[in-house]
Amino acid sequence: MPDPENDPHYNNATAKFTYTSKVSGPDSFQRSRNPVHEDSPGGACTSLAVGKKEMRPIKPPMSGAFKVQSNPPNTEFRRFYERGDLPIAIEHGGVGNRIQWKVDVEKLDYHHYLPIFFDGLREREEPYRFLAVQGTFDMLEHGGSLILPLIPQLIIPVKTALNTSEPG
């Protein structure tokens with residue numbers, strides 16, 4: 001009598017004899033399906049699970065140290081100039097503008113005015129920019145020995161001007 005477990009089976013599609021083995025196939029090692037979802041295609045391509053994303057190297061965060069920061073328009077220089085508290089005016093000449101000092105530059109109170117003019121160095125608008133730069137130059141040129149004791153008072157306006165990160 002033929003033994004179906006040990007006899008070869010003929011496969012018409014391949015025209016070969018094949019033997020069935022008693023070794024378990026890959027189906028026997030897979031997890032069993034949930035009996036509630038017996039008809040669902042578990043593990044098929046129709047899964048709603050989100051796939052893995054491509055791994056890219058993480059870049060360090062940007063510190064923004066070189067980013068242009070906004071320059072607040074309310075500088076001490078602008079406030080004092082608009083109130084009329086600074087002893088300067090613009091002298092319009094044929095060739096260019098100059099500062100007209102209402103008081104002699106050597107007689108100014110440098111402890112009061114020099115930090116204000118240094119604070120105006122961060123101004124971007126005219127005439128404030130011109131007045132602050134030219135006024136600072138004039139005061140430094142005529143100040144002489146009055147400037148050295150003021151260095152500690154000038155640190156904060158210079159630091160504020162350098163923190164704006166604006167070119168020019």
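Biologist: How many aromatic pairs are there here, and how do I read one?

Modeller: A ring pair is described by how far apart the centres are and by the angle between the planes. This is a predicted model, and with centres within 6.5 Å as the cut-off, the count is four aromatic pairs. Take Tyr-81 and Tyr-128: their ring centres are 5.9 Å apart and the planes meet at 90 degrees, so this pair is edge-to-face.

Biologist: Where do Tyr-81 and Tyr-128 lie along the chain?

Modeller: Tyr-81 belongs to helix α1 (residues 76-83), while Tyr-128 belongs to helix α3 (residues 128-143), so the pair ties together parts 47 residues apart in sequence.

Biologist: And is Tyr-81 buried, exposed or partly exposed? What about Tyr-128?

Modeller: For burial you look at relative accessible area, with under 20% counting as buried and over 50% as exposed. Tyr-81 has 23%, so it is partly exposed. Tyr-128 has 11%, so it counts as buried.

Biologist: What class does the pair of Trp-101 and Phe-117 fall into?

Modeller: Tilted. Trp-101 and Phe-117 have ring centres 5.8 Å apart and planes at 40 degrees, so they land in that class. In sequence terms, Trp-101 sits in strand β4 (residues 97-101) and Phe-117 in helix α2 (residues 110-119), so this pair ties together parts 16 residues apart. Trp-101 is buried at 16% relative accessible area, and Phe-117 is buried too, at 0%.

Biologist: Which residues form the aromatic cluster?

Modeller: Phe-77, Tyr-81, Trp-101, Phe-117 and Tyr-128 make up one cluster. That puts both of the pairs we just went through into it.

Biologist: Which charged residues lie over rings, and how do I read that?

Modeller: Look for a charged side-chain end above a ring face, then read off its distance from the ring centre. Arg-78 lies over the face of Tyr-128, 4.2 Å from the ring centre. Likewise, Arg-83 has its charged end over the ring of Phe-80, at 4.9 Å from the centre.

Biologist: On to salt bridges. How many are there in the whole structure?

Modeller: Five. The thing to check is the closest N and O atoms. For Glu-123 and Arg-78 they are 2.8 Å apart. Glu-123 is in the loop between α2 and α3 and Arg-78 is in helix α1, so this bridge ties together parts 45 residues apart in sequence. Both Glu-123 and Arg-78 are buried.

Biologist: What else does Arg-78 form a salt bridge with?

Modeller: Glu-125, with the closest N and O atoms 3.6 Å apart. Here too distant parts of the chain are linked: Arg-78 in helix α1 and Glu-125 in the loop between α2 and α3, 47 residues apart. Arg-78 counts as buried at 12% relative accessibility, whereas Glu-125 is partly exposed at 42%. Put it together and Arg-78, Glu-123 and Glu-125 are linked in a network of salt bridges.

Biologist: How does the salt bridge of Asp-85 and Arg-83 look?

Modeller: Its closest N and O atoms are 2.7 Å apart. Asp-85 is partly exposed, with a relative accessible area of 32%, and Arg-83 is partly exposed as well, at 49%.

Biologist: Where is Arg-122, and what does its side chain contact?

Modeller: Arg-122 is in the loop between α2 and α3. A polar contact of 3.4 Å joins its side chain to that of Asp-119. At 11% relative accessibility, Arg-122 counts as buried.

Biologist: What span should α3 have, given its number of residues?

Modeller: You use 1.5 Å a residue. For the 16 residues of α3 that gives an expected 22 Å, and the end C-alpha atoms are 21 Å apart, which agrees. Just after α3, Gly-144 takes a positive phi of about 60 degrees.

Biologist: Which residues of α3 are buried, and what covers them?

Modeller: Among them are Tyr-128, Leu-131, Ala-132, Met-139 and Gly-143. The cover includes α1, β3 (88-92), β4 and α2.

Biologist: To zoom out, how do the elements of the chain run?

Modeller: There are four helices and four strands, running β-β-α-β-β-α-α-α from the N terminus. Of the chain's 168 residues, 21% count as buried. Among contacts between residues at least 6 apart in sequence, 61% join residues at least 24 apart.

Methods: Residues numbered from 1 in each chain as written. Predicted model: local features only at pLDDT ≥ 70, side-chain atom pairs only at ≥ 80, totals over all residues. Heavy atoms only, no water. Phe/Tyr/Trp six-rings, centres within 6.5 Å; stacked < 30°, edge-to-face > 60°. Helix = DSSP H or I, 4+ residues; strand = E, 2+ residues; numbered from the N terminus. Buried < 20%, exposed > 50% of the residue type's maximum accessible area, 1.4 Å probe, protein only. Lys NZ or Arg CZ within 6 Å of the ring centre and 35° of its normal. Expected span 1.5 Å × (residues − 1). Contact = heavy atoms within 4.5 Å. Polar contact = N/O pair within 3.5 Å; in protein donor to acceptor, adjacent residues only side chain to side chain. Salt bridge = Lys/Arg side-chain N within 4 Å of Asp/Glu carboxyl O.
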